[in-house]
Amino acid sequence: MCYHGAKMGKVVGRQREKKDQIDQQMAKELKQVERSLDYIATTSVPGLSWRQLLGRPNEAHD
Amino acid sequence: MKLTIDSNVFVEAFVKGSPNTELCRDFLLKAISNYKSVALFEPALLAFEVCTAVSRATSPQAKPDEKRGRIEKAKNIFEILEKKRPNWQTISVDLPLWHAWKDNIDGKILVNKTQDEIFLFVAQQNGATFVTLDKEIKPNCSAGTVKISYPYEILKELSPEL
């Protein structure tokens, strides 16, 4: 492989590594959001509609 | 794809046993995870509305610490979304623009609640589709004002979670 080819290969490799790191970070954050959502869901009082919870009681149908 | 998600979608996602809990949870996680193809534009009002709803959804028997903990969890979700997700944008309403918009939509968008108007405003200003569970909004918005969809419609277009 010529010098430029090797250099480009390194750059592409580094870019891919960086992309993988970002994807991993995004997946980690998503898990945190998921866990918080689950925690809130399992400890909420069941039977309340979103209208009641948002304080928008009107006659509209969901 | 550009979206503005109504607070009722978040609220429905966290009350277990509600008719749309699974749908909304699935939709939200997919929209958030698709950070390369979905851009989210949300009014600053959203976090406040959702945290208030979490507070209301807490059992009256819950200890103050438990209630605070639940609200902290909700705040935590928005902190992650606002600070760390590249596809999330929190929009503060610009008042002069808001007034001009209100004059312009007079008679074209007939919703009763200011909260609804703020979400529609943010969606329209950013060219986003407004995703809501409220079936009353769509018939009250004239064609060509704001594109309105329901979570199950958008869910079909989203790729699986990362």
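Analyst: Let's start with a definition: a residue counts as buried if 20 or more other C-beta atoms lie within 10 Å of its own. The model is predicted, and by that cut-off buried residues make up 38% of the 162 residues in chain B.

User: Thanks! How do you know whether helix H5 of chain B is in the open or buried?

Analyst: Apply the cut-off of 20 or more C-beta atoms within 10 Å. H5(B) runs over residues 95–105, and of its 11 residues the number buried is 0, so the helix lies largely in the open. After H5(B) comes Gly107(B), with a positive phi near 90°.

User: What makes chain B as compact as a globular protein of its length?

Analyst: Two values are set side by side. The globule rule is 2.2 Å times the number of residues to the power 0.38, and for 162 residues it gives 15 Å; the radius of gyration of chain B is 16 Å, close to that, so the chain is as compact as a globular protein of that length. Its C-alpha trace spans about 45 × 35 × 30 Å along the principal axes.

User: And what is the fold made of, read along the sequence?

Analyst: Chain B has 7 helices and 5 strands, in the pattern β-α-α-β-α-α-β-α-α-β-β-α. Of its contacts between residues at least 6 apart in sequence, 68% join residues at least 24 apart.

User: Why are H3(B) and H4(B) called roughly antiparallel?

Analyst: They pack at an angle of about 155°, with their axes 9 Å apart. Angles over 145 degrees count as roughly antiparallel, and the pair therefore earns that name. Their crossing is right-handed. H3(B) brings Ala47(B), Val50(B), Cys51(B), Val54(B) and Ser55(B) to the contact, while H4(B) brings Lys67(B), Arg70(B), Ile71(B), Ala74(B), Lys75(B) and Phe78(B). By class, these residues are 7 nonpolar, 1 polar and 3 charged.

User: Nice. How many residues does each chain give to the contact between A and B?

Analyst: Chain B supplies 36 residues and chain A supplies 26 residues. On the chain B side, helices H1 (7–13), H2 (21–33), H3 (45–56) and H4 (64–84) each supply at least two residues.

User: Which helix gives the most to that side of chain B?

Analyst: H4(B) does, with 7 residues. The side of chain B that touches chain A divides into 15 nonpolar, 8 polar and 13 charged residues. H4(B) thus appears in both stories: it packs against H3(B), and it contributes to the side that touches chain A.

Technical notes
Residues are numbered from 1 along each chain as its sequence is written. Chains are lettered from A and ligands numbered from 1 in the order in which they are written. This is a predicted model: local features need pLDDT of at least 70, side-chain atom pairs count only at pLDDT 80 or more; totals for chains, interfaces and linings use all residues. Two residues are in contact if their C-beta atoms, placed from the backbone, lie within 7 Å. Helices (H or I, at least four residues) and strands (E, at least two) are DSSP runs, numbered from the N terminus. Ala, Val, Leu, Ile, Met, Phe, Trp, Tyr, Cys and Pro count as nonpolar, Asp, Glu, Lys and Arg as charged, and the others, Gly among them, as polar. A residue is buried if 20 or more other C-beta atoms lie within 10 Å of its own, exposed if 12 or fewer, and partly exposed in between; C-beta atoms are placed from the backbone. Axes are lines fitted to C-alpha atoms, for helices over the stretch in contact, and angles run from 0 to 180 degrees between N-to-C directions. Angles under 35 degrees count as roughly parallel, over 145 as roughly antiparallel, 65 to 115 as roughly perpendicular and the rest as oblique. A crossing is left-handed if the near helix is turned anticlockwise from the far one by less than a right angle, and right-handed if clockwise.
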